[in-house]
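This report walks through one protein model, beginning with a single residue and its surroundings and widening from there to the core, the charged pairs and the loops.

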Amino acid sequence: HVYDEARHYYTVYNYSNRILGYGNSEDGTKLLMRQCDVPNSAVQKGLGTAQNEQAQSFGFYTERIMEKNINTELTTVDISYAPVVQNGTWIEYFPEIVGMTLGRILHCNYYWMGTLARLMNIACYMALCYLAICKTPTLKSLFVLLSALPMNLYQVSGISYDGFTFGVGIALFAFIMKLWVKGLERKDWILFAILSAVLGSCKGGVYLTLLILMFFIPKEQYHGKKWLKCIAIIGLGGMSMLGAFIPTFMRWFGIGGNISPIVNGTETVGGKLHLTFMIQNPMGFIRLLAVTLVKNADMYLGQMLGYRTAWAGATMSNVLMLPFLVLLIFSSFKNSDKDFEISFKMRMGISIILLIEIWGMHSIFLVETPINSPIIVGCQGRYFILFIPCILLLFRNNGIIFKEKREYLYPLFSMAQLVYLYYFLELFMCA
C-alpha cells in the first residue's frame, strides 16, 4: 500500500459511486460499497505479530485473487477511520476512477477491481513520462532516471493521487525545457496549457511554481508576446487551482468558520499551529523552518529517492540511495559542448522557485504541527520529487561535459534498482 492508501481507495470508490449513479458520501465517513468489497481483517485477531503479520496479509490477499462470490448488493460502510479526502479533485484521481469503475462494470472481485485501478494509474504515468522524454530536447537521461526512481514507481503502483500528479509534473517540466532550448510549436503550447490546468487541480496546485521558470527564459524563444503567453499559461493553472481548492484555502486561513482561540499569541487548531502563524510571527516561522531543514535534510533526500515506503515498516540504508543520487547527478551534466548552459539569471529563477516551494510546502503543514514542537511536522521529502531537476540544474557546472559512455547510466541504474529491490523485499518480509 502507498501512504494513506485506505483514504485514497475510499475516495476513488466514492467518485466511482457518483459515476455509476449511487450518490455521494456526504460527510466522508459513510460509504456505499458492494458487499464483496467491504474490508475484512487480513490477520485474525490476536495473531498480528511482527513475525507473521506480513505473511498472513499476503496469504489473505492471495485468497481474494480467486474469489468468485461477487456480491454486488450495496451496503453502507463506516469508514471514519479513513474518511474520504474532502480537499481533493476527481482530476488527480482520474486514472484510478476509470480503472475501478471499469472493474465494477465488469463485475470483477475486490482484488481485480483494485488491480485495474492500479494498472490504469501505471499506464497513465508511463504515457506521461514517455511524452516528457519525447518532447524534451535535452537531459533525456535525467528524465528517464527521474521517472524510474524507486519512490516514483512505488507511488504510481498504488491508489493515490501522487503518481498521476508526478507524471503530469514531469511532462510539464519537459515542455519548459523544450521552450527553454528550442521554443514551442502551436500544438506544444496547447498541450502545455492542458498540463498546466491539470497540474493546478492536483495536490492543491503546489507544483505550479515550476511555471515561474517561464519568466526567466529568453524572449526570443517565445517568438513574440512573451508576457502574454506567460500570463496565459500561469493564469490557466492558477484559475484551475483556485476553482478546485478555494474552500480548502479558506479553511486553512480560518475564513468562513470559527477561528480557534489564541494560545501564547498564536492561533491554534486543536492544539496545533494555524497557517496564520507565519504572518503573525514570521521570524518564529523562519526559525522553525530552518531547524526543520537542518534536522530533516538527510531524511528529505532519502524520501525523494525512496529510502522508506509504507509497505515496509523500516527504512532502507542511505548507502543504497547513494547510487541513485550519483547517477542522477551524472545525467544532469551537459552531453556536448553545444548543449544549453545555465545562466546566472536562470539560476536565480530556480532559486526563487525552490525558496517559494520550501516555504509554501512547510507552511501548509503548520496545521499538523503541535504548538510546542521544535520542528514542522508532517512534511516529507517525496513532495519535492518534481524539483530534483531544478536542484541538479542549479548546481550544474557548465564546464563539465559527460558524453562518452553516457549510455552506461541505464544499466547501472537498473543494477541499483535490483539491489534496492532485494533489500526492500528483505525488509518487507521481516517488517
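In this predicted model, I358 counts as partly exposed, because its relative accessibility is 26%, a value that falls between the 20% limit for buried and the 50% limit for exposed residues. I358 is found in helix 13, and, when residues up to four places away in sequence are not counted, it touches L289, L293 and F384. Of these partners, F384 stands 26 residues from I358 along the chain, with 8.5 Å between the two C-alpha atoms.

**Helix 13 and H362**

The backbone oxygen of I358 is reached by the side chain of H362 at 2.8 Å. H362 also lies in helix 13, which covers residues 344-364, but it counts as buried, because its relative accessibility is 0%. Leaving aside neighbours within four places in sequence, the contacts of H362 are L289, T292, L293, Y300, I376, C379 and F384. L289, L293 and F384 therefore appear in the contact list of H362 as well as in that of I358, the partly exposed residue described above.

Helix 13 as a whole has 21 residues, and the distance from its first C-alpha to its last is 30 Å, close to the 30 Å expected at 1.5 Å a residue. Its buried residues include nonpolar ones such as M346, I350, I353, L354, M361 and I364, and also E357, H362 and S363, with G349 completing the list.

**The nonpolar cores**

In soluble globular proteins, nonpolar side chains tend to be buried together. The largest nonpolar core of this model has 98 residues, and those with the most contacts inside it are F192, Y207, M214, L366 and L393. Helix 7, residues 162-181, gives the most to this core, with 13 residues. Which residues surround F192, once its neighbours within four places in sequence are left aside? They are L172, F175, I176, L184, L211, M214 and I233. Another core lies apart from the largest one and has 21 residues, among them Y10, V77, I79 and Y110.

F192 is also one of the buried residues of helix 8, a list that further includes D188, W189, A193, L195 and S196. The 15 residues of helix 8 should span 21 Å at 1.5 Å a residue, and its end C-alpha atoms are 21 Å apart, which agrees.

**Salt bridges**

Side chains of opposite charge can pair when their charged atoms come close. The structure holds 7 salt bridges, and three of them are set out here.

| Pair | N to O distance |
|---|---|
| R34 and D37 | 2.6 Å |
| K135 and D188 | 2.9 Å |
| R382 and D162 | 2.8 Å |

R382 lies in the loop between helix 13 and helix 14 (388-394) and D162 in helix 7, so this pair ties together parts that are 220 residues apart in sequence. Both R382 and D162 are buried, and R34 and D37 are likewise buried.

K135 lies in helix 4 (residues 110-135) and D188 in helix 8 (residues 186-200), so their pairing ties together parts that are 53 residues apart in sequence. K135 is buried, because its relative accessible area is 17%, and D188 is buried with a relative accessible area of 0%. The pair does not stand by itself, for K135, K178 and D188 are linked in a network of salt bridges.

**Two loop residues with positive phi**

Most residues other than glycine have a negative phi, and most peptide bonds are trans. H223, although not a glycine, has a positive phi of about 55°. H223 is placed in the loop between helix 8 and helix 9 (226-252), and it counts as exposed, because its relative accessibility is 61%. K405 also has a positive phi, near 60°, in a residue other than glycine. The loop between helix 14 and helix 15 (409-430) holds K405, which is exposed, with a relative accessible area of 53%.

**The protein as a whole**

The protein contains 15 helices and 5 strands, and buried residues make up 49% of its 431 residues. Among contacts with a separation of 6 or more, residues 24 or more positions apart account for 76%. The accessible surface comes to about 20600 Å², of which 65% belongs to carbon and sulfur atoms.

Key:
Residues numbered from 1 in each chain as written. Predicted model: local features only at pLDDT ≥ 70, side-chain atom pairs only at ≥ 80, totals over all residues. Heavy atoms only, no water. Core = buried A, V, L, I, M, F, W, Y, C linked by side-chain atoms within 4.5 Å. Buried < 20%, exposed > 50% of the residue type's maximum accessible area, 1.4 Å probe, protein only. Helix = DSSP H or I, 4+ residues; strand = E, 2+ residues; numbered from the N terminus. Contact = heavy atoms within 4.5 Å. Polar contact = N/O pair within 3.5 Å; in protein donor to acceptor, adjacent residues only side chain to side chain. Expected span 1.5 Å × (residues − 1). Areas by Shrake-Rupley, 256 points an atom, 1.4 Å probe, with all protein chains shown as cover. Salt bridge = Lys/Arg side-chain N within 4 Å of Asp/Glu carboxyl O.
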